[in-house]
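Reader: Please explain on what grounds the structural terms for this model are applied.

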Amino acid sequence: MSQNPKKSPLLLGAMGLGALGVLGTYVAAGHERFWANWVLWFVLIFTLGLGSLFIVALEHLVSARWSVPVRRIPERLATLLLPAVPVGLIALFALPVLYPGTRPEAAHNHILAGKASWLSIPFFSVRTAIAMVLVLIGLAILVGGSLKQDQTKDPAFNFKARKFAPAYMAIFALVITLIAFDWISGLTPEWYSDIFGVYIFAGAFLSGLAATVLCLLYLQDRDRLGGVKGDHLFNLGGFLFAFTVFWSYIGFAQYMLMWYANMPDEVMYYKVRLAGSWRAITITLALVHFILPFFALVTRAAKKDPKRLRRVAYLMLGAHLLDLYWLIFPVLGARPLFSWPELSFALFFIGGITLWVRGAMEKGEDMPVGDPFLREGLEFRL
Amino acid sequence: MSETSFSVLGIFDTPNSLMAAIPKLRATKLGTVEAYTPYPIHGIDEALGLRKSPLGGMVLVMGILGALTAFGFEYWISAVDYPIITGGKAAGSWEAFIPIMFEVTVLFATFTAGLGMLLLLNKLPFFGHPVLSAKAITSITRDRYVLALEAESEAFDSQAAVAALQAAGATDIEVLPAPDRSPFLTSDYILRTLGGIFVACLVAGLGIFTLTKWFPLLRPMVNMQDQPRLNSQKPSSFFKDGHGMQRPVAGTVARGHLPTATGKQEEAASLVNPLPRTKEVFEVGRKAYHNRCEVCHGALGNGVGSLTAAYGGKPANLQAQQFRDYPDGKIYWVIVNGKSAMPSHAADLTDAQRWSVVHYVRALQRAQNAKDEDLKVVAP
């Protein structure tokens, strides 16, 4: 098909420049800022990988046929969970710096003292480690098995994946909730919201879908997905459309209940985000995460228009990033910080993710050629 | 129209022969090409050249209109017509409107989709489409595929249509009359409909009535009625005395009524009037003095009130040197506790009103014992 991807000097240069900036941030811009950035990118990579693996597991769970020809793309994207492991392990060093529940002062805080054992560094680290192991098992079974099927053409994998998918869904729900509660909600441990895991899930699924659409169009531009039609694109576009609404629904439901009840410990979370410059970011987030993609994808033709889908997919990845920034960065202060440290982190990690995904796009065949349902998927018509 | 034929059906044996015939028939431009098949055939929309349905646009417009309608109603009610602060939220808080805006959006959108599709786009209701009475209908719903050439105007040439369908490979031909579009909303049908609705209401009402009579214990949705709570003026098994309403615990203090001046009058001497000497405070004090004090102590505070003569009492002359030398706290103490024949006014005056009265009494005293320099203060 295509030769090995050329080592892109531009990407490597950007990453190098970013890495310098990242080191500079640690030295010059304060540890809190460094770790807030690091946690942001860890959560982004992890949710992107989790969301992609969710798409794979969903297909096996419901025995979807239409998505078989495009399944290899979320499978390849799910390998982002591998680099997420070292990034996450390094992020554990952020615990004493950023997470109030791990500091000794927490013992004097009535609310935090009650959660002390849960918020303590050892248990927090163990939970993250368990989450990673569980997810890697899912990756090995679903993605590893699928890659192996390319050679063996053994339909037994479909049965195995079908059986494993429900269990993985339970694991997925647990892991995404842990990530949401521990890594994001844990920054403000006095604030809690039961629906927060679902909110992060909506963002993760959306980012996985957006990345899948982008990679699909990338492969189609290189004529590597013969037989994948507008009908497949339409389904992905429909998912993207539906889940912008789902994200807003969850986000607004959470906000409205807290706004109504007006409990001091809950409402402070939004007070911070609706004051000063954060207010502008909150409004921008509603705009780019809901209103723009909603109206961009509302018509039937738009959902299979590659040009528009590509733009919306870029927009949704950006919106997910902004969402995480909006969730994490208010702990650094009342004013949104955005300067060379954030840009360096973005250069470093976007460069890294792009390089990794480009490499992953060469893994195995472009379609799961060993899957007995591939033909049925290719013949899918709306 | 019933004399001339309206549409010509051509029956095909396979979906492929039907698909092959569509472009040929469209090229003849004899009339609208319509397909009737037992199941949807992929690609037939494009082949028939069906225009994009305007329904989506209608639904979007009406949905947005629904959202705006709900927002307008709620904003007008809660911020313009009858603004009440509930739950500490400002009048016209948009956050609370969203769920209702969503519901009304869905309502408008679904009604537009349903009614627009049936009435506007499919021009229902009418009595039976002629295809439904065609001989071919049983095979259309089973295993035959039908293309129809339908008249677009009076000048429909059914002979040419028959020939075109035969040339395109139809195995059988059937000529149909126009659909019966006689008026639907005649008084007869309207009366029947109203009668039907009336009978339905009657049956449902009587049914519910008898059901609740026969099964009085089946109460629907009692969760709100039967919640474990205390009702005022209702018995309750929660407290020993069997009352839902309880007396306040001894020593209970209402908000803003912290007990002061509870001890002896001498102890109250050190209390300081917390209120500033502003026009508003003096106005509050004047009103309270006028309502509560003036009948005995008099409008000037000199102890000559309208009740003094009638009851033969001797209220204090507040202009006396003794009371002019009183500290504020002692006057306050008397208002709260009463003195000699004077009863306590603690129940009549709030804390702020009492201190306002103290200020006002000071003003009365100064008015009767004005100094020369007071004139300067008055000058604008």
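Author: The exchange below concerns chain B and the nonpolar cores. This is a predicted model, in which local features need pLDDT of at least 70 and side-chain atom pairs count only at pLDDT 80 or more, while totals for chains, interfaces and linings use all residues. Residues are numbered from 1 along each chain as its sequence is written, with chains lettered from A and ligands numbered from 1 in the order in which they are written.

Reader: Why is chain B called more spread out than a compact globule?

Author: The radius of gyration, taken over C-alpha atoms, is 45 Å for chain B, well over the 21 Å that the globule rule gives for 380 residues, so chain B is more spread out than a compact globule. That rule is 2.2 Å times the number of residues to the power 0.38.

Reader: What makes strand S1 of chain B largely enclosed?

Author: A residue is buried if 20 or more other C-beta atoms, placed from the backbone, lie within 10 Å of its own. Six of the six residues of S1(B), residues 7–12, are buried, so the strand is largely enclosed by the rest of the structure. Ser7(B), Leu9(B) and Ile11(B) cover one side, and Val8(B), Gly10(B) and Phe12(B) the other.

Reader: How do you know that S1(B) pairs with S4(B)?

Author: Pairing requires at least two DSSP bridges between two strands; S1(B) and S4(B), residues 172–176, have five, in the antiparallel sense. Leu9(B) stands opposite Glu174(B) there. S1(B) also runs antiparallel to S3(B), residues 145–150, with six bridges.

Note on methods
Buried ≥ 20, exposed ≤ 12 C-beta atoms within 10 Å, placed from the backbone. Helix = DSSP H or I, 4+ residues; strand = E, 2+ residues; numbered from the N terminus.
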